[in-house]
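Colleague: I should be grateful for a close look at a single part of this model. Please describe the part itself, and then the surroundings into which it fits.

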Amino acid sequence: MTSQDQQMRAARLDAELASLDLPGRLALVATFGGRAVFTTSLGIEDQVITAAIGLARLPIEVSTLETGRLFKETVDLIGETEERFGIEIRRFYPEQDDIDAYAAKYGLNGFYESVEARHACCHVRKLVPLAKALSGATLWVTGLRRGQSGNRATTPFAEYDAERDLIKVNPLADWSLADIDAYVEAQAVPTNPLHKRGYPSIGCEPCTRAIKPGEPERAGRWWWENDEKRECGLHVPEAAGTPLERTPA
C-alpha cells in the first residue's frame, strides 16, 4: 500500500472517529483492518483507553515501554491494571548494550547536561522499544489529547505516521481532563497515585517532577530544559535523538 493510500485511509478514519464515543472509536479501530497496538504509559488518559479496551474485550494489543527508570508506582500499576481488566500488558525493554553505550558516552544521568544527551536517552529507552512494540502493526493507538500542551493542540483522531508507515489513532484527542476524571470515576479505573501528588504527566522518575499551581500539564517533564515544545520523540519526530553508536568492545 502506498503512502498516498495510507493517507487517504487515515483521513477517512479520522472523519469517522469524530462522531463516535470512546467505545465506538475503539471498536472501529479494532475492525478497521490489520493489527492494532495501544502503547500505554500508565498515565490517566492511557488508563481510560486500557479500561475501554478491557471492558469491551476488544482485539487491540496493549503494550508498555518499561524503560528501567519508571516510578515504582507506575510499575506496580501494570499488574494492578492487568488484574482489574483481565488483560495482558506486554512489556518492552531497552537493550542493555544500548544502555551501556549511552552511559559510556554521556554518563548514566547525562540527560541533565544537554538536549542531545536527553534525546539520546529517550531514543535508547523509549524509541527502540517502541519500534519493537509496533513491529508489524497497522494501527497505533495513543492517549494524546489536544489539551495536554500547545504542541498537541491540533492532534487529529487519526493520521498517517510516515516514519513508521502506519496509521496513528488518538481516540481521546477531543477529551478534557473533566471527561477523563468522569470516566475514571464511573468505571472505577485504577490510576497512578502520583496524579494526586501533583504529577498530571508521568514519565521516567529522573525526568519528571510535580507541577506548580498554574503550570501546564506537561511542565513537569524535562523541566530543566527551556524549550516549551520538549518531547521525547515518540510523537514529535524532530525531537527524537539520533541512533546511538555503541562503543566498540
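Colleague: In which sense, left-handed or right-handed, does α3 pass α4?

Modeller: The crossing of α3 over α4 is right-handed (the near helix is turned clockwise from the far one by less than a right angle; anticlockwise would be left-handed). Please note that this is a predicted model, in which local features need pLDDT of at least 70 and side-chain atom pairs count only at pLDDT 80 or more, while totals for chains, interfaces and linings use all residues. Residues are numbered from 1 along each chain as its sequence is written, and side-chain values use heavy atoms, with hydrogens and water left out.

Helix α4 comprises residues 72–85, and α3 comprises residues 44–56 (helices are DSSP runs of H or I with at least four residues, strands runs of E with at least two, numbered from the N terminus). The axes of α3 and α4 are 9 Å apart and meet at an angle of about 30° (lines fitted to C-alpha atoms, for helices over the stretch in contact, with angles from 0 to 180 degrees between N-to-C directions). The two helices are therefore roughly parallel (under 35 degrees; over 145 is roughly antiparallel, 65 to 115 roughly perpendicular, and the rest oblique). From α3, the residues Q47, T50, A51, G54 and L55 meet L77, T81, R84 and F85 of α4 (contact means heavy atoms within 4.5 Å). By class, this contact has four nonpolar, four polar and one charged residues (Ala, Val, Leu, Ile, Met, Phe, Trp, Tyr, Cys and Pro are nonpolar; Asp, Glu, Lys and Arg charged; the others, Gly among them, polar).

Helix α3 also packs against α7 (residues 177–187), at an angle of about 45° and with the axes 10 Å apart. This pair is therefore oblique, and here α3 passes in a left-handed crossing. On the α3 side the contact is made by I44, E45, V48, A51, A52 and L55, and on the α7 side by L177, I180, D181, Y183, V184 and Q187. These residues divide into nine nonpolar, one polar and two charged. A51 and L55 of α3 thus appear in the contact with α4 and in the contact with α7.

The surroundings include an open sheet of six strands in the order β3-β2-β1-β4-β6-β5, with mixed pairing (two strands pair if DSSP finds at least two bridges between them). β3 (89–92) and β5 (158–161) stand at the edges with a single partner strand each, so one side of each has no neighbour in the sheet. From one strand to the next the twist averages 30°. Strands β1 (residues 36–40) and β2 pair in the parallel sense over four bridges, with T64 of β2 as the bridge partner of T40. In β2 (residues 61–65), four of the five residues are buried, so the strand is largely enclosed by the rest of the structure (buried means under 20% relative accessible area, exposed over 50%, partly exposed in between, with a 1.4 Å probe and protein chains only). β4 (residues 139–141) and β6 (residues 166–169) pair in the parallel sense over three bridges, where W140 has K168 of β6 as its bridge partner.

Helix α1 (residues 3–18) lies across β4, β5 and β6, at about 160° to β5. Within α1 is Q6, which is buried at a relative accessible area of 6%. Leaving aside neighbours within four places in sequence, Q6 is in contact with M1, Y160, D165, L166 and I167.
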